[in-house]
Amino acid sequence: MNGNNDGTMSKQTSLRKYGKQYKKPKANRLFVELPQTPVRSQPIVEADDDLAKAAIEGLTEKISTVNLQDENSIPLNTVRRSPRRKEKRTPSTPPPIEPSKLQTPRIISPAKSESVEVSRLSLSGGELQVLSWSDICPPGDKIVKIAEASYAEVYRVTNERGTSIIKVIRMKSPIKAQTKAQQKSGLVDEEPHSESDLMGELKISEWLADIPGFVVYKERYIVQGKTCKELLETHQAFHKKVKRQDPDRLQFYPSPSRYLDDTKFLVVELGDAGVALEDFELESADQLWDIFFHVAIALARAEAHIEFEHRDLHEGNLCIRKTAEPIPIEERERSSRFGFSGLDVTILDYGISRAHAQGSRPIAYDLERDLSMFTSEHASQCEVYRRMRSFLLRGDGVCLPPQSHKTAYEKGVNGPITWARYEPYTNVLWLAYIYQWMAGHFKGTKKELNAFKRLTKELWLYLNPDADDDVPGFGSASDIVRFALESGWIEEDQLMGVRDEAEKSILSILTNDDLGKGADEDDVVETSLRRSPRRRRHATVL
């Protein structure tokens with residue numbers, strides 16, 4: 001990706017030097033995986049015919065070290081655009097959104113095995129196991145509903161082999177009609193999702209698999225059939241809890257009691273990344289520094305690697321986990337601000353994200369399909385949705401009110417709105433939201449919070465979406481990380497992250513043939529011993 005400034009640029013740019021100027025010669029710099037955000041129209045590149053298969057197959061392959069060093073150099077004195085100023089742009093043809101390659105599902109005869117019989121269903125070329133809810137949570141395992149994300153319910157599953165998070169996404173399939181009581185309560189069923197919608201998130205997940213800071217994907221399944229007792233109980237407990245917290249909150253996902261024999265879900269198994277930021281008690285300024293910059297660094301890497309925009313990065317889509325003890329001030333060997341809290345941060349949920357990997361066309365969920373996201377005022381993050389769309393319409397920092405978002409595909413600064421376009425400023429908007437959310441929910445001392453705000457006063461000046469028009473602003477997460485580096489808050493060696501070894505599924509039901517692929521006899525025995533006993537599942541004809 002190159003920050004070219006030829007006639008193809010669709011936006012004006014302005015020169016701005018942030019913070020302290022770095023003194024080392026550029027050739028010696030380690031921080032080269034975050035190039036300047038490109039300001040250009042997306043090229044149209046023909047997609048590889050095998051990408052649909054690779055999107056599924058690659059999710060659980062061995063994760064390797066991130067190494068973007070040779071591809072992406074970062075100049076210090078770069079041209080930056082400011083989202084503050086409204087500028088005329090030359091309309092350009094938007095890049096097409098990557099179409100998912102669909103094919104008629106076919107059942108694969110289960111491999112002959114005396115111990116396990118497994119049904120499989122193909123999803124865009126990837127053969128997925130078809131399980132029941134009792135397979136997902138057999139006696140002795142624990143399942144707890146913890147969240148409702150974009151298009152998915154989120155559960156934590158724990159057994160003797162560990163803990164996983166599963167995202168449950170309803171596919172187009174029959175479901176029992178609402179009862180009169182459910183209709184009276186205002187239940188609004190989340191619409192089932194097409195295969196093309198599901199493929200987009202799975203493919204983005206594959207592209208992010210090597211980048212630290214993003215959730216680890218373990219496995220994926222089709223789950224079909226009526227509910228089990230454990231799933232129904234945790235669903236009911238979750239909604240009782242949220243009703244106590246917010247009596248006006250509607251229930252958007254159907255009760256498991258309405259599942260039929262043919263009701264199908266895509267279930268994606270993830271590594272357990274800890275607790276959501278909204279449930280984490282912020283007690284120290286070190287935690288504020290680390291959470292904010294863990295997220296900024298992960299986004300900056302993803303911008304450089306796949307032109308990534310999350311577009312839904314609220315407090316429920318960040319998970320916090322304690323991985324070490326905090327380092328006291330007197331024991332610190334760095335003068336920087338980042339890396340002392342002992343926390344690790346993970347970004348979740350790419351249901352409405354946008355990305356563009358080399359050799360493919362952009363993947364983006366078309367948010368113009370349902371404008372209620374931009375007219376809703378039920379939660380604080382709804383303003384960020386409006387800010388994203390307002391930026392596409394105006395090209396500045398003005399946030400248009402809900403009534404200004406009622407016409408789909410209306411003309412913006414680059415022609416009719418298209419969410420396939422790369423606009424990394426949306427990542428800046430979400431980082432500004434996270435900054436304000438953490439400051440507003442800080443449980444530590446007021447003295448410590450005020451000190452953090454004083455130190456980050458200039459950062460907030462360039463981050464604040466409501467800043468005056470004459471104030472230059474960050475155009476991407478990469479800009480924010482550069483600013484932190486130049487300010488001495490982050491040191492270069494802290495940016496050379498690697499992903500740990502891939503985590504294994506704790507739910508997989510594998511045939512003997514699967515276990516034997518590419519492994520020697522000892523490996524097969526060891527793997528089979530780790531597998532929890534499950535009841536036999538006969539092949540299902542769909």
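In the predicted model, pLDDT stays under 50 over residues 1-81, a segment for which the model nevertheless has 198 contacts beyond four places in sequence. A further segment in which pLDDT stays under 50 covers residues 85-94, and here the model has 26 contacts beyond four places in sequence. For the chain as a whole, the mean pLDDT is 75, and 68% of the residues reach 70 or more.

The chain comprises 542 residues, of which 55% count as buried, and its secondary structure consists of 14 helices and 17 strands. Among the contacts in the chain with a separation of 6 or more, 79% are accounted for by residues 24 or more positions apart. The area exposed by the chain is about 24,800 Å², and carbon and sulfur atoms supply 49% of that area.

In total, the structure holds 20 salt bridges, and three of the pairs are described here in turn. In one of these salt bridges, the side chains of K145 and E153 meet at a distance of 2.6 Å, N to O. Both partners of this pair are withdrawn from the surface by the criterion applied, since K145 is buried with a relative accessible area of 4%, and E153 likewise counts as buried, at 2% relative accessibility.

A second salt bridge is formed between D272 and R156, with the closest N and O atoms 3.3 Å apart. Because D272 lies in the loop between β10 (264-271) and β11 (275-276), whereas R156 lies in strand β7 (residues 152-159), the pair ties together parts that are 116 residues apart in sequence. D272 itself is partly exposed, and its relative accessible area is 22%.

In a third salt bridge, the side chains of R321 and D344 meet at 3.7 Å, N to O. R321 lies in strand β12 (residues 318-322) and D344 in strand β13 (residues 343-347), so that this pair ties together parts that are 23 residues apart in sequence. Each partner counts as partly exposed, with a relative accessibility of 34% for R321 and of 26% for D344. Returning to the K145 region, salt bridges that share partners join K145, E148 and E153 into one network.

The surroundings of D366 were examined separately. This residue is placed in the loop between β15 (363-364) and α7 (372-375). D366 is buried and yet has no salt bridge, for the nearest side chain of opposite charge, that of R369, is 5.7 Å away, whereas a salt bridge is counted within 4 Å. The side chain of D366 does, however, have polar partners: it makes a polar contact with the side chain of Y409 at 2.5 Å, and one of its polar atoms lies 3.1 Å from the backbone nitrogen of E368. When the neighbours of D366 within four places in sequence are left aside, the residues with which D366 is in contact are Y409 and W419. Y409 thus appears in the description of D366 both as a polar partner through its side chain and as a contact beyond the neighbours within four places in sequence.

Conventions
Residues are numbered from 1 along each chain as its sequence is written. This is a predicted model: local features need pLDDT of at least 70, side-chain atom pairs count only at pLDDT 80 or more; totals for chains, interfaces and linings use all residues. Side-chain values use heavy atoms; hydrogens and water are left out. Helices (H or I, at least four residues) and strands (E, at least two) are DSSP runs, numbered from the N terminus. Buried means under 20% relative accessible area, exposed over 50%, partly exposed in between (1.4 Å probe, protein chains only). Lys and Arg count as positive and Asp and Glu as negative; His and the chain ends are not counted. A polar contact is a pair of N or O atoms within 3.5 Å; within protein, one must be able to donate a hydrogen and the other to accept it, and residues adjacent in sequence count only if both atoms are side-chain atoms. Contact means heavy atoms within 4.5 Å. Accessible areas come from the Shrake-Rupley method with a 1.4 Å probe; for residues, only the protein chains shown count as cover. pLDDT is the predictor's confidence in each residue, from 0 to 100.
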